[in-house]
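Work through the exercises below with the sequence and the structure at hand. Each task is followed by a worked solution.

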Amino acid sequence: MFNKILIANRGEIAIRIMRACRELGIKTAAVYSTADKSALHAQIADEAICIGPAASKDSYLNTKSIIAACEVTGADALHPGFGFLSENADFARLCDKCGITFIGPTPKTMDEMGDKAHARQTMIDAGVPVIPGSDGIVPDIDTAKKICREIGYPVMVKATAGGGGRGIRMVENETDLEAKFAEAQAEASACFGNGDLYIEKFIVNPRHIEIQLLADNYGNVVHLGERDCSLQRRNQKVLEESPSPIMTDELREKMGAAAVAAAKACGYRNAGTIEFLVDKDRHFYFMEMNTRIQVEHPVTEFVTGIDLVKAQIRVASGEKLWFTQDDVKVNGHAIECRINAEDPRSNFRPCPGTIKSIHVPGGFNVRIDSAAYAGYEIPPYYDSMIAKLIVKGENREEAISKMRVALSEFIIDGVETNIDFHLRLIRNENFERGEFDNGFLNRTDIMKD
């Protein structure tokens, strides 16, 4: 087992990783920017190193400073969390070169699965259902027009190196294709330094269902059921739950088997997620693979009883998986709400500022993952999420009821938050019935309703 792990992240995920390390008896080292000097993760780690100015590119994305922090603190492993450098294969290679264990998949796997076109071909070869579309990168607009005529409109133009909803455009007809193609290409180049695009058939009103995977270094792979992440606003997840309201035992078995096959096809190790789109007839299609821990991992932990972050660390240290697929049982129902410092009444404008006071909910099967505290100044430089509220019930109805109570007890004074938005969302009749899809929040004015 590792002696010390450097956590190359901030906020609630940094705190989450620290807790797992301490339970395993591992020392922790934190990194922080000048804007995060008073952040909780910098205060409670065994050691903390400043790695640069507020801007992410100068601090949390500064690979040289982070490696130097590992050397100064004597960390023998690094956990990247999510976002920032978590899916950066070059950084993972740098860690390997410096003798630091990167807690995640191999750089080769990250390269292959990070390239959406390559990942798609890998899934085809593994027999995993994929959305009809281009065979790899689309080199020019003329080729794009030909492909779209073959598969039919509407289509999705996507960046091969994309993520977070960037470099994606939905195209309804050929008249709009050239402009949307150029927009996606420009955005992808600006965000990822790679303007390559591919094209997929647009699945009308799909559900976004992802399968959580764990794989060790010896070829053993298990899945831990699914999460329904269909409630999204502008391609950003808002609320997640497990199990999915549309799931059947037969569909879970098929999707789980496909996800395991996908992981084995790319030689995957550690924690990862296969994301699928599911149509109204419960046909599912591979969308992408996330080669890291996910924001929404707590709902899976609640229903399976498996600590995913501790599992990541144990697997990275060389342990074999200590359970089999038959040992994995999904019990109860869990829901997660992402609590952000933003104003839903002003087009979800980020609202940095100082938290004057905070009261978090509690009770049986209520969990808060957060780095917020009274007096904490939320900086304007990073993601607006300040907490995750997760609840578990014996069934979905009880979980919804528990979430209503928990949200009504969650009080943050000093900054605007989306707590009221979540309260209205879980009271929505369509949500209560489980009748929603990826576009639901883009069509529905929750605050008005």
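A helix axis is a line fitted to C-alpha atoms over the stretch in contact, and the angle between two helices runs from 0 to 180 degrees between their N-to-C directions. The model used here is predicted.

**Exercise 1. Two helices**

Task: Find how helix H5 and helix H6 are oriented to each other, and which residues make the contact.

Solution. Step 1: locate the helices; H5 covers residues 107-114 and H6 covers residues 116-126. Step 2: take the geometry; the axes are 5 Å apart and the packing angle is about 95 degrees. Step 3: apply the cut-off; angles of 65 to 115 degrees count as roughly perpendicular. H5 and H6 are therefore roughly perpendicular to each other. Step 4: list the contact; H5 contributes Glu112, Met113 and Gly114, while H6 contributes Lys116, His118, Ala119, Thr122 and Met123.

**Exercise 2. A sheet**

Task: State the strand order of the open sheet of 5 strands and name its edge strands.

Solution. Step 1: read across the sheet; the order is S3-S2-S1-S4-S5, and the pairing is parallel. Step 2: look for strands that pair on one side only; these are the edge strands, S3 (47-52) and S5 (101-102). Step 3: examine one pair; S4, residues 77-79, is joined to S5 in the parallel sense over 2 bridges. Step 4: pick out a bridge; Ala77 has Thr101 in S5 as its partner.

**Exercise 3. Nonpolar cores**

Task: Describe the largest nonpolar core and follow one of its residues outward.

Solution. Step 1: the largest core has 37 residues, and Ile339, Leu407 and Leu425 have the most contacts inside it. Step 2: the elements that each supply at least two residues are strands S11 (236-242), S14 (333-340) and S21 (385-393), together with helices H12 (396-409), H13 (419-426) and H15 (440-443). Step 3: leaving aside residues up to four places away in sequence, Leu407 touches Cys337, Ile339, Leu389, Ile419, His422, Leu423 and Ile426. Step 4: a second, separate core has 32 residues, including Ala77, Ile103, Val295 and Leu308.

**Exercise 4. H13 and the loop after it**

Task: Decide which residues of H13 are buried, and whether Asn428 is buried or exposed.

Solution. Step 1: H13 is mostly covered, with 6 of its 8 residues buried. Step 2: the buried residues are Ile419, Phe421, His422, Leu423, Leu425 and Ile426. Step 3: Asn428 is in the loop between H13 and helix H14 (429-433). Its relative accessibility is 11%, so Asn428 counts as buried, the cut-off being under 20%. Step 4: a polar atom of the Asn428 side chain lies 2.8 Å from the backbone nitrogen of Asn430. Not counting residues up to four places away in sequence, Asn428 touches Phe440, Thr444 and Ile446.

**Exercise 5. Backbone exceptions**

Task: Locate two cis peptide bonds and two positive phi angles outside glycine.

Solution. Step 1: recall the usual case; most residues other than glycine have a negative phi, and most peptide bonds are trans. Step 2: the bond from Tyr153 to Pro154 is cis, and Pro154 is in the loop between helix H7 (141-151) and strand S6 (155-163). Step 3: the bond from Ser242 to Pro243 is also cis, with Pro243 in the loop between S11 and helix H9 (249-265). Step 4: Arg234 has a positive phi of about 55 degrees and lies in the loop between strand S10 (221-233) and S11. Step 5: Asn365 has a positive phi of about 60 degrees and is found between strands S18 (357-359) and S19 (366-370). At 24% relative accessibility, Asn365 counts as partly exposed.

Technical notes: Residues are numbered from 1 along each chain as its sequence is written. This is a predicted model: local features need pLDDT of at least 70, side-chain atom pairs count only at pLDDT 80 or more; totals for chains, interfaces and linings use all residues. Side-chain values use heavy atoms; hydrogens and water are left out. Two strands pair if DSSP finds at least two bridges between them. Helices (H or I, at least four residues) and strands (E, at least two) are DSSP runs, numbered from the N terminus. A nonpolar core is a set of buried Ala, Val, Leu, Ile, Met, Phe, Trp, Tyr and Cys residues joined through side-chain atoms within 4.5 Å. Buried means under 20% relative accessible area, exposed over 50%, partly exposed in between (1.4 Å probe, protein chains only). Contact means heavy atoms within 4.5 Å. A polar contact is a pair of N or O atoms within 3.5 Å; within protein, one must be able to donate a hydrogen and the other to accept it, and residues adjacent in sequence count only if both atoms are side-chain atoms. Angles under 35 degrees count as roughly parallel, over 145 as roughly antiparallel, 65 to 115 as roughly perpendicular and the rest as oblique.
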